[in-house]
Amino acid sequence: MACLHDHSCEDHNCAADWSLYNHVDIPKVVALNESVPGSVKSVFKPWEQRLDTSGGFLESNEGDPELLVFIPFTSDVKIKSISIVGGADGTSPSRMRAFINREGIDFSDAQNMQPVQEWELAENLQGALEYQTRYSRFQGVANLTLHFSDNFGGDTTKIYYIGLRGEATQNKRDVVATIVYEVMPNPSDHK
């Protein structure tokens with residue numbers, strides 16, 4: 001794979017340099033329809049380990065290939081591309097839809113809402129494929145929800161790796177804890 005700069009990325013570790021792995025808030029990552037609760041956390045790992053299948057994988061429930069993965073970040077990010085390493089024998093996801101900065105999406109929402117972008121996926125067992133985002137739409141991302149609606153014919157959907165490339169902005173969205181509104185100003189507060 002060639003980058004948009006003046007060298008071959010096989011000689012340089014560009015994928016790791018642009019990886020957002022360190023900015024994913026892994027303890028807060030959740031998935032709907034996962035067969036083993038919490039297994040989604042195992043698919044987020046450094047780029048160099050993307051083909052390591054010994055650390056676990058995300059699998060949908062038997063007979064239902066749909067998965068919904070909520071990915072929060074520790075700071076706002078700009079996402080350039082997404083890489084998915086799926087399972088063999090038809091268990092790789094075949095479609096992916098992305099929603100940004102939308103918390104609490106369920107399957108009904110994901111099917112009825114307009115995604116920011118959607119992709120037809122290829123079976124990517126070697127981790128060589130990356131799906132480019134419409135970069136201008138993936139700015140200031142505090143959280144990302146990925147909807148995998150189908151696979152290549154398997155009874156379940158398996159994902160071994162989800163990789164995100166881009167850059168962190170160091171901006172953090174925090175909830176305002178205390179807000180005080182004054183109906184009438186108190187003169188003693190304003191000296």
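These are my notebook entries on a predicted model of a single chain.

**Entry 1: confidence**

I checked pLDDT before anything else. The chain averages 88. I found that 85% of the residues score at least 70. Residues 1-5 stay under 50. For that stretch the model has 7 contacts beyond four places in sequence. Where pLDDT is low, predicted coordinates should not be read in detail. I left that stretch alone.

**Entry 2: layout**

I looked up the secondary structure next. The chain has 2 helices and 8 strands. Along the sequence I read the pattern as α-β-β-β-β-α-β-β-β-β.

How far apart in sequence are the residues that contacts join? I took contacts between residues at least 6 apart in sequence, and 79% of these join residues at least 24 apart.

**Entry 3: surface and burial**

I noted 191 residues in the chain, with 46% of them buried. The accessible surface comes to about 10,500 Å². Carbon and sulfur atoms hold 49% of that surface.

**Entry 4: the nonpolar cores**

In soluble globular proteins, nonpolar side chains tend to be buried together. I went looking for such groups here. The largest nonpolar core has 31 residues. Which of its members touch the most others? I got Val69, Leu144 and Phe148.

I then listed strands that supply at least two residues each: β3 (67-86), β4 (95-100), β7 (141-148) and β8 (158-168) are among the elements that do so. Strand β3 gives the most, with 8 residues. Apart from this core lies another, of 5 residues. Its members include Leu68, Phe99, Ala110 and Met113.

I followed up on leucine 144. I set aside its neighbours within four places in sequence. Leucine 144 then contacts Val69, Phe70, Ile71, Phe73, Ile79 and Ile82, among others. Its list also includes Ala98, Phe99, Ile100, Phe138 and Leu164.

**Entry 5: tyrosine 131**

I picked tyrosine 131 for a closer look. It sits in strand β6, residues 131-132. Is tyrosine 131 buried or exposed? Its relative accessible area is 11%, so I count tyrosine 131 as buried, the cut-off being under 20%.

What does tyrosine 131 touch, residues up to four places away in sequence not counted? I listed Lys80, Ser81, Ile82, Trp119, Glu120, Leu121 and Ala122. I took the spacing to one of these, tryptophan 119. The two residues are 12 apart in sequence. Their C-alpha atoms are 7.7 Å apart in space.

I also checked the side chain of tyrosine 131 for a polar contact. It reaches the backbone nitrogen of alanine 122 at 2.9 Å.

Definitions and conventions:
Residues numbered from 1 in each chain as written. Predicted model: local features only at pLDDT ≥ 70, side-chain atom pairs only at ≥ 80, totals over all residues. Heavy atoms only, no water. Core = buried A, V, L, I, M, F, W, Y, C linked by side-chain atoms within 4.5 Å. Buried < 20%, exposed > 50% of the residue type's maximum accessible area, 1.4 Å probe, protein only. Helix = DSSP H or I, 4+ residues; strand = E, 2+ residues; numbered from the N terminus. Contact = heavy atoms within 4.5 Å. pLDDT = per-residue confidence, 0-100. Areas by Shrake-Rupley, 256 points an atom, 1.4 Å probe, with all protein chains shown as cover. Polar contact = N/O pair within 3.5 Å; in protein donor to acceptor, adjacent residues only side chain to side chain.
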